[in-house]
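Me: I'm new to this one and would like to be walked through it. Could you show it to me before I start asking?

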Amino acid sequence: MGVCAQQSYQSSQKKSYKVRVLLAQTVPDNGFNWHIKASDGVVFIDPEHPAHKLMYKNNNLNVTYKDGHWLINNKKFKTSKVCIVPQKNHLDFNDNSYAGALLLTCQDQKLYLINIVDLEQYVYCVLRTESWPGWPLEVNKVFAIACRTYALHMITNYQLKKVPYHIKNSNVHQTYKGMHARNDLKQAVDETHGIFLAHNNKPIIAMFDICCGGIIPSFMQGIDFIKAPYLARDYACIHCKRCKVFNWKAQYSLDQLEKILKQEIQPLKRLKSVKINKKDKASLIQELMVVGSSGWHSLPIKKMYSLLKDSIKSYSFSVAVQGKNVIFSGNGFGHHLGMCQWGAREMIRDGWKYDQVLNFYYPGTRFMRLN
Ligand SMILES: [Zn+2]
């Protein structure tokens, strides 16, 4: 089946392959309401004492918190945690349907709504938003293993973060919008069931982006390659070069850009140009120089990226002023680390197998399987 050196994953986490995904977070005093829907009633369980159960027939749950207690439809709970399990089917929250259970918990003066879901189900759900429609099974197998590995890494390391969840539901980690019915993605998950990538017998932080832009990650600065040597790929991915997302352009008028940059550089007056001030060895920009009648102002790339995140796709670009316009021309889409999704798709088209693709993007790792 193309997977080498499989062996059991020995870890203290072995007892449970449930993922805790953060769906919502707030503070006790902001008057929030969370609406949860069931189709055939729910069971409330105290996770500290699982034998303490309460059947509840109402399908519309209005959750809030008052005076140190969870309130569900004004019913007061004495415990700091309440687990809500559907009697049948699934639970809905914010227009998405979730398999597994929902957990309400309070920790360090913060309130959390968490979905506790089986790992394989989670990977299947995540693939809808982390893969691309119409892409072949073999590339979805690559993504299934990367998403599973990333989630396992978060499960293994979550105690360090002192939060009650393993992973966020946004693209800060992996975008997760609950259940769907895509059979092709189910097949990709089933055919790679339990397989993950490991380094020193532990699941790796399997980062990936949309398109690497040909950047060689080992030259990048500010990445802890000692902690994650498998991200220090020292050869270029040339596979994404022919993809439409490899090159991008963004254009602003000097006036438009000045208004945006003023959010960060208040003294800026009459923007004249933007220049690149510092790059790392991978040729990723670290700092820009903004020139106006007010003089020179330096701007870290992270600030620029967050100000222009709808149009600037990566840290690899050139800038030119043409007349009254500023034109950014760049390569790649994302953070340039780990797997390049469009490169992976091209490799599969060229006949590579899913394990070969993953070995290419995460050098020095090996495949293991959960049992
Ligand atoms: Zn690439």
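Me: At roughly what angle do the axes of helix α2 and helix α7 cross?
Reply: First, this is a predicted model, where local features need pLDDT of at least 70, side-chain atom pairs count only at pLDDT 80 or more, and totals for chains, interfaces and linings use all residues. Residues are numbered from 1 along each chain as its sequence is written. Helices (H or I, at least four residues) and strands (E, at least two) are DSSP runs, numbered from the N terminus. With axes as lines fitted to C-alpha atoms, for helices over the stretch in contact, and angles running from 0 to 180 degrees between N-to-C directions, α2 (residues 137-157) and α7 (residues 354-361) come within 9 Å and cross at roughly 50 degrees.

Me: What does that make α2 relative to α7?
Reply: Angles under 35 degrees count as roughly parallel, over 145 as roughly antiparallel, 65 to 115 as roughly perpendicular and the rest as oblique. That crossing angle therefore makes α2, relative to α7, oblique.

Me: Which residues of α7 make the contact?
Reply: Two residues are in contact if their C-beta atoms, placed from the backbone, lie within 7 Å. On the α2 side you'll find Glu 138, Lys 141, Val 142 and Ile 145. Facing them from α7 are Tyr 354, Val 357 and Leu 358.

Me: Which strands stand at the edges of the open sheet of three strands?
Reply: Strands pair if DSSP finds at least two bridges between them. The order here is β15-β14-β24, with antiparallel pairing. Two strands each have a single partner, so one side of each is left without a neighbour in the sheet: β15 (202-203) and β24 (366-369).

Me: Which residue in β15 does His 199 stand opposite?
Reply: β14 (residues 195-199) and β15 pair in the antiparallel sense over two bridges. Across from His 199, in β15, stands Lys 202.

Me: At about what angle does α2 run to β14?
Reply: Here α2 turns up again, lying across β14 and β15. To β14, it runs at about 60 degrees.

Me: Is Ile 260 buried, partly exposed or exposed?
Reply: Ile 260 sits in helix α4 (residues 254-261) and touches Leu 307 and Leu 308, leaving aside residues up to four places away in sequence. A residue is buried if 20 or more other C-beta atoms lie within 10 Å of its own, exposed if 12 or fewer, and partly exposed in between, with C-beta atoms placed from the backbone. Ile 260 has 13 other C-beta atoms within 10 Å, so it is partly exposed.
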